[in-house]
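Dear colleague,

Please find below the structure that I am handing over to you. My notes on its interior follow it.

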Amino acid sequence: MSEKLKIGISIGDVNGVGLEVIIKTLADSRIFDYCTPIVYGHTKVASFHRRTVQVHDLNFNVIDSPANAHHKKANIINCWEEDVKIELGAANETGGKYAFLSLQRATDDLISGQIDALVTAPINKDNIQNEEFNFPGHTEYLQQRDNSPEVLMFLVSDTLRVGVVTGHIPVAQVAQSITAEKILAKLKLMNTSLKQDFWIRKPKIAVLGLNPHAGDNGLIGNEEKDIIMPALEEARANGILALGPYPADGFFANGAYMQFDAVLAMYHDQGLIPFKQISFESGVNYTAGLSFVRTSPDHGTAYDIAGKNKASEVSFREALFQAIHIVKHRRETAVLNENPLQFSKLSRDRD
(Lines give C-alpha, C1' and ligand atoms only; values in the text may rest on other atoms or scores of the structure.)
Protein backbone atom coordinates (compact mmCIF):
# COMPACT_ATOMS: atom_id res chain seq x y z
CA MET A 1 0.00 0.00 0.00
CA SER A 2 3.05 2.28 0.28
CA GLU A 3 3.69 2.27 -3.48
CA LYS A 4 3.20 5.69 -5.03
CA LEU A 5 0.22 6.07 -7.33
CA LYS A 6 0.42 7.28 -10.92
CA ILE A 7 -2.02 10.15 -11.25
CA GLY A 8 -2.97 11.26 -14.75
CA ILE A 9 -3.76 14.92 -15.35
CA SER A 10 -5.68 16.23 -18.37
CA ILE A 11 -4.86 19.86 -19.12
CA GLY A 12 -8.31 21.21 -20.02
CA ASP A 13 -8.70 24.23 -22.27
CA VAL A 14 -5.24 25.47 -23.32
CA ASN A 15 -6.54 29.06 -23.30
CA GLY A 16 -7.81 28.85 -19.72
CA VAL A 17 -6.18 28.53 -16.30
CA GLY A 18 -5.85 24.73 -16.32
CA LEU A 19 -2.14 24.53 -17.02
CA GLU A 20 -1.49 27.46 -14.71
CA VAL A 21 -2.93 25.64 -11.69
CA ILE A 22 -1.29 22.37 -12.77
CA ILE A 23 2.14 24.00 -13.01
CA LYS A 24 1.76 25.87 -9.72
CA THR A 25 0.79 22.61 -8.02
CA LEU A 26 3.64 20.55 -9.47
CA ALA A 27 6.19 23.30 -8.81
CA ASP A 28 6.08 22.19 -5.17
CA SER A 29 8.39 19.16 -5.26
CA ARG A 30 6.80 17.74 -2.10
CA ILE A 31 3.99 16.51 -4.38
CA PHE A 32 6.36 13.82 -5.66
CA ASP A 33 6.49 12.30 -2.18
CA TYR A 34 2.82 11.36 -2.51
CA CYS A 35 2.30 10.45 -6.17
CA THR A 36 3.83 10.26 -9.63
CA PRO A 37 2.05 12.90 -11.74
CA ILE A 38 1.62 12.38 -15.49
CA VAL A 39 0.35 15.34 -17.50
CA TYR A 40 -1.39 14.69 -20.83
CA GLY A 41 -0.70 17.60 -23.17
CA HIS A 42 2.40 18.85 -24.95
CA THR A 43 5.75 20.19 -23.78
CA LYS A 44 5.53 23.33 -25.94
CA VAL A 45 2.12 24.28 -24.57
CA ALA A 46 3.28 23.55 -21.02
CA SER A 47 6.43 25.66 -21.54
CA PHE A 48 4.34 28.57 -22.79
CA HIS A 49 2.22 28.52 -19.65
CA ARG A 50 5.25 27.96 -17.43
CA ARG A 51 6.80 31.16 -18.75
CA THR A 52 3.51 33.00 -18.35
CA VAL A 53 3.24 32.18 -14.65
CA GLN A 54 7.01 32.67 -14.19
CA VAL A 55 7.72 29.22 -12.79
CA HIS A 56 11.32 28.53 -13.78
CA ASP A 57 12.30 25.58 -11.59
CA LEU A 58 9.83 23.02 -12.94
CA ASN A 59 11.01 20.80 -15.79
CA PHE A 60 8.78 18.19 -17.38
CA ASN A 61 10.10 14.70 -18.04
CA VAL A 62 8.83 13.69 -21.50
CA ILE A 63 7.61 10.08 -21.71
CA ASP A 64 5.62 8.06 -24.22
CA SER A 65 3.91 5.77 -21.72
CA PRO A 66 3.01 5.83 -18.01
CA ALA A 67 5.25 2.80 -17.59
CA ASN A 68 8.24 5.09 -18.19
CA ALA A 69 7.25 7.76 -15.67
CA HIS A 70 9.92 9.03 -13.29
CA HIS A 71 8.65 8.81 -9.73
CA LYS A 72 10.43 11.99 -8.61
CA LYS A 73 9.54 14.25 -11.53
CA ALA A 74 6.59 15.89 -13.25
CA ASN A 75 6.05 13.70 -16.30
CA ILE A 76 4.32 14.70 -19.53
CA ILE A 77 2.99 12.71 -22.49
CA ASN A 78 2.77 14.55 -25.80
CA CYS A 79 -0.76 13.91 -27.13
CA TRP A 80 -0.26 15.65 -30.50
CA GLU A 81 2.59 16.69 -32.75
CA GLU A 82 1.58 20.01 -34.32
CA ASP A 83 2.22 23.47 -32.88
CA VAL A 84 -0.72 25.08 -31.10
CA LYS A 85 -1.62 28.74 -31.27
CA ILE A 86 -2.52 29.74 -27.73
CA GLU A 87 -4.82 32.72 -27.23
CA LEU A 88 -5.17 33.16 -23.51
CA GLY A 89 -8.71 34.01 -22.47
CA ALA A 90 -10.24 33.09 -25.82
CA ALA A 91 -13.09 30.58 -26.02
CA ASN A 92 -12.28 29.12 -29.41
CA GLU A 93 -12.11 25.88 -31.37
CA THR A 94 -8.41 25.41 -30.58
CA GLY A 95 -9.03 25.29 -26.85
CA GLY A 96 -11.68 22.63 -27.24
CA LYS A 97 -9.74 20.50 -29.72
CA TYR A 98 -6.66 20.03 -27.57
CA ALA A 99 -8.64 19.72 -24.34
CA PHE A 100 -10.36 16.71 -25.90
CA LEU A 101 -7.14 15.14 -27.19
CA SER A 102 -5.67 15.39 -23.70
CA LEU A 103 -8.79 13.98 -22.04
CA GLN A 104 -9.15 11.16 -24.56
CA ARG A 105 -5.57 9.91 -24.17
CA ALA A 106 -5.69 10.18 -20.38
CA THR A 107 -8.99 8.29 -20.23
CA ASP A 108 -7.61 5.57 -22.50
CA ASP A 109 -4.70 5.03 -20.11
CA LEU A 110 -7.00 5.17 -17.10
CA ILE A 111 -9.34 2.51 -18.46
CA SER A 112 -6.43 0.27 -19.45
CA GLY A 113 -5.03 0.51 -15.93
CA GLN A 114 -1.83 2.34 -16.84
CA ILE A 115 -2.62 5.15 -14.42
CA ASP A 116 -4.37 4.87 -11.05
CA ALA A 117 -6.62 7.94 -11.17
CA LEU A 118 -7.44 10.98 -13.29
CA VAL A 119 -7.54 14.65 -12.31
CA THR A 120 -9.17 16.80 -14.97
CA ALA A 121 -8.44 20.50 -15.45
CA PRO A 122 -11.43 22.63 -16.53
CA ILE A 123 -12.88 22.43 -20.04
CA ASN A 124 -15.24 24.71 -21.90
CA LYS A 125 -18.35 22.56 -22.34
CA ASP A 126 -19.21 24.34 -25.59
CA ASN A 127 -16.01 24.41 -27.63
CA ILE A 128 -15.01 20.83 -26.76
CA GLN A 129 -18.03 19.40 -28.57
CA ASN A 130 -17.18 17.12 -31.51
CA GLU A 131 -18.17 13.79 -33.04
CA GLU A 132 -16.59 11.87 -30.15
CA PHE A 133 -17.53 14.27 -27.37
CA ASN A 134 -21.24 15.05 -27.44
CA PHE A 135 -21.80 15.42 -23.71
CA PRO A 136 -22.70 18.21 -21.26
CA GLY A 137 -19.41 17.73 -19.42
CA HIS A 138 -16.67 15.48 -18.07
CA THR A 139 -19.07 13.50 -15.89
CA GLU A 140 -21.24 12.23 -18.71
CA TYR A 141 -18.28 11.52 -20.99
CA LEU A 142 -16.52 9.42 -18.36
CA GLN A 143 -19.77 7.63 -17.51
CA GLN A 144 -20.11 6.59 -21.14
CA ARG A 145 -16.46 5.51 -21.40
CA ASP A 146 -16.86 3.43 -18.23
CA ASN A 147 -20.26 2.00 -19.23
CA SER A 148 -21.59 3.01 -15.81
CA PRO A 149 -25.37 2.84 -15.45
CA GLU A 150 -25.47 5.64 -12.87
CA VAL A 151 -23.01 8.21 -11.56
CA LEU A 152 -23.14 11.00 -9.01
CA MET A 153 -21.65 14.47 -9.32
CA PHE A 154 -20.23 14.79 -5.82
CA LEU A 155 -18.69 18.07 -4.63
CA VAL A 156 -16.52 17.48 -1.56
CA SER A 157 -14.45 19.49 0.90
CA ASP A 158 -13.41 19.22 4.53
CA THR A 159 -16.60 20.93 5.69
CA LEU A 160 -19.27 19.93 3.15
CA ARG A 161 -20.17 17.21 0.65
CA VAL A 162 -22.93 17.83 -1.88
CA GLY A 163 -24.34 15.56 -4.57
CA VAL A 164 -27.03 16.36 -7.13
CA VAL A 165 -29.95 14.32 -8.48
CA THR A 166 -29.98 16.14 -11.83
CA GLY A 167 -26.78 17.52 -13.33
CA HIS A 168 -26.16 19.53 -16.47
CA ILE A 169 -29.72 19.97 -17.73
CA PRO A 170 -31.88 23.08 -18.24
CA VAL A 171 -33.80 24.25 -15.17
CA ALA A 172 -37.05 23.87 -17.16
CA GLN A 173 -36.41 20.11 -17.27
CA VAL A 174 -35.53 19.60 -13.61
CA ALA A 175 -38.96 18.87 -12.11
CA GLN A 176 -39.93 16.34 -14.79
CA SER A 177 -36.54 14.61 -14.45
CA ILE A 178 -36.85 13.95 -10.73
CA THR A 179 -38.34 10.58 -9.81
CA ALA A 180 -38.34 8.52 -6.64
CA GLU A 181 -36.28 5.88 -8.46
CA LYS A 182 -33.63 8.42 -9.46
CA ILE A 183 -33.41 9.89 -5.96
CA LEU A 184 -33.03 6.41 -4.50
CA ALA A 185 -30.32 5.52 -7.03
CA LYS A 186 -28.34 8.67 -6.16
CA LEU A 187 -28.74 7.99 -2.43
CA LYS A 188 -27.42 4.46 -2.87
CA LEU A 189 -24.40 5.78 -4.81
CA MET A 190 -23.75 8.49 -2.22
CA ASN A 191 -24.06 6.08 0.70
CA THR A 192 -21.70 3.58 -0.93
CA SER A 193 -19.19 6.29 -1.81
CA LEU A 194 -19.20 7.73 1.70
CA LYS A 195 -18.41 4.29 3.09
CA GLN A 196 -15.97 3.06 0.44
CA ASP A 197 -14.25 6.26 -0.69
CA PHE A 198 -14.36 8.39 2.46
CA TRP A 199 -14.45 5.71 5.15
CA ILE A 200 -17.53 7.02 6.92
CA ARG A 201 -18.96 3.98 8.69
CA LYS A 202 -22.58 5.08 9.15
CA PRO A 203 -23.28 7.99 6.80
CA LYS A 204 -25.99 10.48 7.67
CA ILE A 205 -27.41 12.14 4.55
CA ALA A 206 -29.61 15.23 4.28
CA VAL A 207 -31.95 15.51 1.29
CA LEU A 208 -33.17 18.90 0.07
CA GLY A 209 -36.64 19.66 -1.21
CA LEU A 210 -37.29 20.76 -4.77
CA ASN A 211 -39.66 23.64 -4.11
CA PRO A 212 -39.30 26.74 -1.90
CA HIS A 213 -39.89 25.84 1.76
CA ALA A 214 -39.74 22.15 0.68
CA GLY A 215 -43.25 22.50 -0.74
CA ASP A 216 -44.80 23.90 2.45
CA ASN A 217 -47.06 20.85 2.90
CA GLY A 218 -48.20 20.98 -0.70
CA LEU A 219 -48.93 24.69 -0.89
CA ILE A 220 -45.94 25.30 -3.20
CA GLY A 221 -45.77 21.99 -5.01
CA ASN A 222 -46.33 18.31 -4.37
CA GLU A 223 -42.97 16.84 -5.41
CA GLU A 224 -41.85 16.57 -1.80
CA LYS A 225 -44.90 14.54 -0.71
CA ASP A 226 -45.35 12.52 -3.89
CA ILE A 227 -41.73 11.82 -4.91
CA ILE A 228 -39.05 12.78 -2.40
CA MET A 229 -40.58 11.47 0.83
CA PRO A 230 -41.44 8.03 -0.62
CA ALA A 231 -37.86 7.80 -1.91
CA LEU A 232 -36.52 8.59 1.56
CA GLU A 233 -38.74 5.96 3.14
CA GLU A 234 -37.49 3.35 0.71
CA ALA A 235 -33.89 4.45 1.27
CA ARG A 236 -34.27 4.00 5.03
CA ALA A 237 -35.84 0.59 4.43
CA ASN A 238 -32.62 -0.24 2.54
CA GLY A 239 -30.47 0.77 5.50
CA ILE A 240 -29.58 4.27 4.27
CA LEU A 241 -29.92 7.02 6.87
CA ALA A 242 -31.44 9.74 4.67
CA LEU A 243 -33.42 12.56 6.28
CA GLY A 244 -35.51 15.40 4.90
CA PRO A 245 -36.65 16.96 2.71
CA TYR A 246 -35.20 20.22 4.01
CA PRO A 247 -35.77 23.73 2.60
CA ALA A 248 -32.48 24.57 0.89
CA ASP A 249 -32.20 28.22 1.95
CA GLY A 250 -32.58 27.76 5.69
CA PHE A 251 -30.64 24.49 5.67
CA PHE A 252 -27.45 26.19 4.54
CA ALA A 253 -28.08 29.53 6.23
CA ASN A 254 -28.38 28.08 9.74
CA GLY A 255 -25.48 25.67 9.35
CA ALA A 256 -27.62 22.52 9.51
CA TYR A 257 -25.36 20.94 6.87
CA MET A 258 -22.66 20.57 9.51
CA GLN A 259 -24.76 17.90 11.23
CA PHE A 260 -24.62 15.61 8.18
CA ASP A 261 -21.95 13.69 6.31
CA ALA A 262 -23.38 14.70 2.92
CA VAL A 263 -26.25 16.55 1.27
CA LEU A 264 -28.27 15.47 -1.77
CA ALA A 265 -29.61 18.44 -3.73
CA MET A 266 -32.28 18.14 -6.40
CA TYR A 267 -30.52 20.16 -9.10
CA HIS A 268 -27.17 21.69 -10.05
CA ASP A 269 -27.37 25.25 -8.75
CA GLN A 270 -29.30 24.33 -5.62
CA GLY A 271 -26.30 22.34 -4.45
CA LEU A 272 -23.35 24.01 -6.15
CA ILE A 273 -24.08 27.64 -5.27
CA PRO A 274 -23.91 27.06 -1.49
CA PHE A 275 -21.04 24.61 -1.91
CA LYS A 276 -18.93 27.11 -3.81
CA GLN A 277 -19.83 29.86 -1.38
CA ILE A 278 -18.72 27.73 1.56
CA SER A 279 -15.84 25.73 0.04
CA PHE A 280 -14.75 27.46 -3.17
CA GLU A 281 -11.03 27.59 -2.40
CA SER A 282 -10.76 23.94 -1.37
CA GLY A 283 -13.69 22.29 -3.14
CA VAL A 284 -13.25 19.23 -5.32
CA ASN A 285 -15.58 17.75 -7.94
CA TYR A 286 -15.61 13.96 -7.63
CA THR A 287 -17.51 11.54 -9.87
CA ALA A 288 -18.89 8.75 -7.70
CA GLY A 289 -20.14 5.54 -9.28
CA LEU A 290 -17.30 5.00 -11.75
CA SER A 291 -15.07 1.94 -11.62
CA PHE A 292 -12.09 4.31 -11.60
CA VAL A 293 -11.34 7.53 -9.69
CA ARG A 294 -11.75 10.95 -11.26
CA THR A 295 -11.57 14.32 -9.51
CA SER A 296 -11.28 17.93 -10.66
CA PRO A 297 -11.10 21.41 -9.15
CA ASP A 298 -14.52 22.97 -8.63
CA HIS A 299 -13.83 26.03 -10.83
CA GLY A 300 -14.02 26.59 -14.56
CA THR A 301 -11.66 27.80 -17.28
CA ALA A 302 -11.61 31.34 -15.79
CA TYR A 303 -10.85 32.99 -19.14
CA ASP A 304 -11.02 36.42 -17.49
CA ILE A 305 -7.82 35.80 -15.51
CA ALA A 306 -6.04 33.40 -17.87
CA GLY A 307 -2.41 34.38 -18.34
CA LYS A 308 -2.50 36.96 -15.52
CA ASN A 309 -0.91 34.71 -12.91
CA LYS A 310 -3.93 35.18 -10.64
CA ALA A 311 -5.42 31.67 -10.56
CA SER A 312 -5.22 29.83 -7.24
CA GLU A 313 -3.97 26.26 -7.36
CA VAL A 314 -5.55 25.29 -4.03
CA SER A 315 -8.61 23.54 -5.48
CA PHE A 316 -6.53 21.66 -8.05
CA ARG A 317 -4.05 20.54 -5.39
CA GLU A 318 -6.95 19.35 -3.24
CA ALA A 319 -8.33 17.44 -6.23
CA LEU A 320 -4.98 15.72 -6.67
CA PHE A 321 -4.75 14.68 -3.02
CA GLN A 322 -8.41 13.66 -2.93
CA ALA A 323 -7.78 11.32 -5.87
CA ILE A 324 -4.85 9.75 -4.01
CA HIS A 325 -6.88 9.28 -0.83
CA ILE A 326 -9.88 7.75 -2.60
CA VAL A 327 -7.78 5.24 -4.56
CA LYS A 328 -6.03 4.14 -1.38
CA HIS A 329 -9.31 3.92 0.53
CA ARG A 330 -10.81 1.77 -2.22
CA ARG A 331 -7.82 -0.56 -2.33
CA GLU A 332 -7.60 -0.92 1.41
CA THR A 333 -11.35 -1.60 1.58
CA ALA A 334 -10.96 -4.32 -1.04
CA VAL A 335 -8.12 -5.92 0.94
CA LEU A 336 -10.11 -5.81 4.17
CA ASN A 337 -13.12 -7.38 2.48
CA GLU A 338 -11.16 -10.22 0.92
CA ASN A 339 -11.31 -12.35 4.04
CA PRO A 340 -13.78 -10.84 6.52
CA LEU A 341 -14.37 -12.37 9.92
CA GLN A 342 -17.45 -14.55 10.03
CA PHE A 343 -20.09 -13.44 12.53
CA SER A 344 -21.49 -16.12 14.78
CA LYS A 345 -24.04 -15.99 17.58
CA LEU A 346 -22.63 -16.34 21.07
CA SER A 347 -23.92 -19.36 22.95
CA ARG A 348 -25.65 -18.88 26.27
CA ASP A 349 -24.10 -22.11 27.51
CA ARG A 350 -21.26 -21.79 30.01
CA ASP A 351 -19.69 -25.15 29.19
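Please bear in mind throughout that this is a predicted model.

I begin with the enclosed space. When the whole structure is searched, 1 cavity of 30 Å³ or more is found. The largest cavity holds about 40 Å³ of space. Its lining consists of S157, D158, S282, E318 and Q322. Sorted by class, that lining comprises 3 polar and 2 charged residues, with no nonpolar ones.

The nonpolar interior comes next. The largest nonpolar core has 93 residues, and the members that touch the most others are I22, L26, F60, F154, I183 and L187. Helix α10, which covers residues 314–338, supplies the largest share of this core, with 8 residues. Another core, of 16 residues, lies apart from it and includes L155, L208, A256 and F275.

One of the residues named above may serve as an example. Which residues is I183 in contact with, leaving aside its neighbours within four places in sequence? They are V165, I178, I227, I228, A231, L264 and M266.

Finally, I turn to helix α10 itself. Its 25 residues, at 1.5 Å a residue, should span 36 Å, and the C-alpha atoms at its ends are 36 Å apart, so the expected span and the model agree. The buried residues of α10 are S315, F316, A319, L320, F321, Q322, A323, I324, I326, V327, R330 and T333. Among these buried residues is Q322, which also helps to line the largest cavity.

With kind regards

Notes:
Residues numbered from 1 in each chain as written. Predicted model: local features only at pLDDT ≥ 70, side-chain atom pairs only at ≥ 80, totals over all residues. Heavy atoms only, no water. 1 Å grid on protein atoms, 1.4 Å probe; cavity = no way out; pocket = protein on both sides within 12 Å on 5 of 7 lines; lining within 4 Å. Points joined across faces, edges and corners; volume = space filled by probe spheres on them. Nonpolar A, V, L, I, M, F, W, Y, C, P; charged D, E, K, R; others polar. Core = buried A, V, L, I, M, F, W, Y, C linked by side-chain atoms within 4.5 Å. Buried < 20%, exposed > 50% of the residue type's maximum accessible area, 1.4 Å probe, protein only. Helix = DSSP H or I, 4+ residues; strand = E, 2+ residues; numbered from the N terminus. Contact = heavy atoms within 4.5 Å. Expected span 1.5 Å × (residues − 1).
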